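Here's a quick briefing to read alongside the model. Have the sequence and the 3D view open as you go.

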Amino acid sequence: MLLTLPDEVRQLLRLVQHHVFMIYRDEEECYFLFSEGMIAEQYNIPTRFVRNRTLTEIFTKHTYSVLYPNIVKAFNGISTQFEMMYRERTMLVSLEPIIRGKKIEEIMGSAFDITVQKEAQKELSAALDKERQLNALKSQFVYTVSHEFRTPLTGISMSAELLQHYMGRMDEHTKRRTLESILNRTNELTNLIEDLLTQSSAQSLTTMFNPEIIHPVMACQTIINDIAETFHPLSHVIEFSYEESLPVVHWDIRLMRHIIRNILTNAMKYSPTGTTILIRLYYVQGVIYVSIQDRGVGIADKDLPHIFTPFFRSNRTETVKGTGLGLSIVKEFVELHGGTIHAESQENQGTTFILAFPEL
Ligand code: ADP
């Protein structure tokens with residue numbers, strides 16, 4: 001005997017925000033007995049349209065394929081709750097068997113639109129993920145910083161102790177060497193602090209981004225001259241070649257100086273003394289390229305995708321000092337110019353960094 005709902009009850013159910021429905025089974029087919037609530041109205045499936053119609057008639061194949069196994073479960077006497085997509089909304093559906101005697105002929109169902117909650121949940125978990133990543137980055141940062149600071153500090157303190165205890169017995173040459181070692185280590189610390197400061201101020205530099213129209217050859221030449229002066233005498237040969245008649249560029253010279261200086265010092269750090277580093281400026285189809293090529297240790301294929309990640313350092317270059325921060329900042333600065341950066345490398349052959357900037 002199928003249940004019939006008095007009109008007043010149906011009227012009241014219509015006021016429910018969600019979807020309240022009842023399904024009955026005849027032979028192998030399932031039919032709606034009633035279907036009420038705001039959602040039923042919204043999706044055009046109220047009782048007046050769906051009563052005594054089979055579910056296969058009403059729902060698409062896909063929707064039915066999600067509903068069907070759960071309906072079977074409910075007709076087998078098991079309450080079920082599941083989420084499903086319906087017309088691009090996420091619904092939480094509950095199905096309850098109605099047990100009369102030993103038979104289950106009907107099931108009672110409800111559906112709630114939980115799209116908003118789902119989206120909030122997704123946003124929350126994305127924020128949590130970001131927070132987790134940030135925390136991991138912070139721990140790595142603290143670890144790297146303390147490790148990188150400790151080594152030169154230990155060196156300085158050892159050299160200073162040597163001087164303190166043995167100054168009287170040291171010849172001039174040893175004294176000078178010990179002092180030089182202290183100075184070198186101090187320089188290392190200064191560089192490290194500079195790297196860290198640049199990293200933390202990268203954000204503010206970004207807001208101060210101040211590009212101007214300049215000629216790329218002039219800009220690069222000035223930057224290279226600056227670098228050659230700072231590192232005098234140069235441990236490597238720097239060759240600069242460029243195409244005549246290059247278009248002007250829209251560069252922030254401070255940031256470009258940082259970019260080229262960083263890639264160039266890497267090239268010097270990771271290639272044998274005396275080898276040549278080639279800087280080329282060229283233009284192809286609306287793009288101005290700057291490439292910096294060294295003949296150094298190269299980067300392993302497995303490491304290449306990670307070199308722009310903060311703190312990444314290849315184990316091939318562990319013996320050389322560094323923080324793993326330089327290239328991540330470089331990438332940020334290049335992208336600020338609307339440019340891209342990538343590296344091509346072969347182990348023991350060398351590495352080429354290629355920067356591409358769109359024409360004005
Ligand atoms: P750092 O040089 O301080 O370690 P970077 O962010 O500048 O940090 O570089 C990340 C890593 O990429 C380096 O540790 C090194 O392993 C690799 N790398 C960068 N430039 C070169 C290069 N020219 N040749 C070989 N390896 C390089």
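Domain bounds here come from an automatic or database domain assignment. This is a predicted model, in which local features need pLDDT of at least 70 and side-chain atom pairs count only at pLDDT 80 or more, while totals for chains, interfaces and linings use all residues. Residues are numbered from 1 along each chain as its sequence is written.

**Domains**
- The assignment splits the protein into domain 1 (7-113), domain 2 (125-204) and domain 3 (209-358).
- Between the C-alpha centres of domain 1 and domain 2 there are 68 Å.

**Nonpolar cores**
- A nonpolar core is a set of buried Ala, Val, Leu, Ile, Met, Phe, Trp, Tyr and Cys residues joined through C-beta atoms within 7 Å; buried means that 20 or more other C-beta atoms lie within 10 Å of a residue's own, with C-beta atoms placed from the backbone.
- The largest core counts 32 residues, and I259, I263 and I292 have the most contacts inside it.
- Among the elements supplying at least two residues each to this core are α8 (216-230), β9 (276-284) and β12 (350-358); helices (H or I, at least four residues) and strands (E, at least two) are DSSP runs, numbered from the N terminus.
- α9 is the top contributor to this core, with eight residues.
- Another core lies apart from it, with 16 residues, including M22, L33, F34 and I39.

**Ligand shell**
- There are 21 residues around the ligand (C-beta atom, placed from the backbone, within 6 Å of it), and Y270, S314, G322, G326 and L327 come nearest.
- α9 and α10 are the elements giving two or more residues to this shell, and α10 gives the most, with three.

Conventions. A residue is buried if 20 or more other C-beta atoms lie within 10 Å of its own, exposed if 12 or fewer, and partly exposed in between; C-beta atoms are placed from the backbone.
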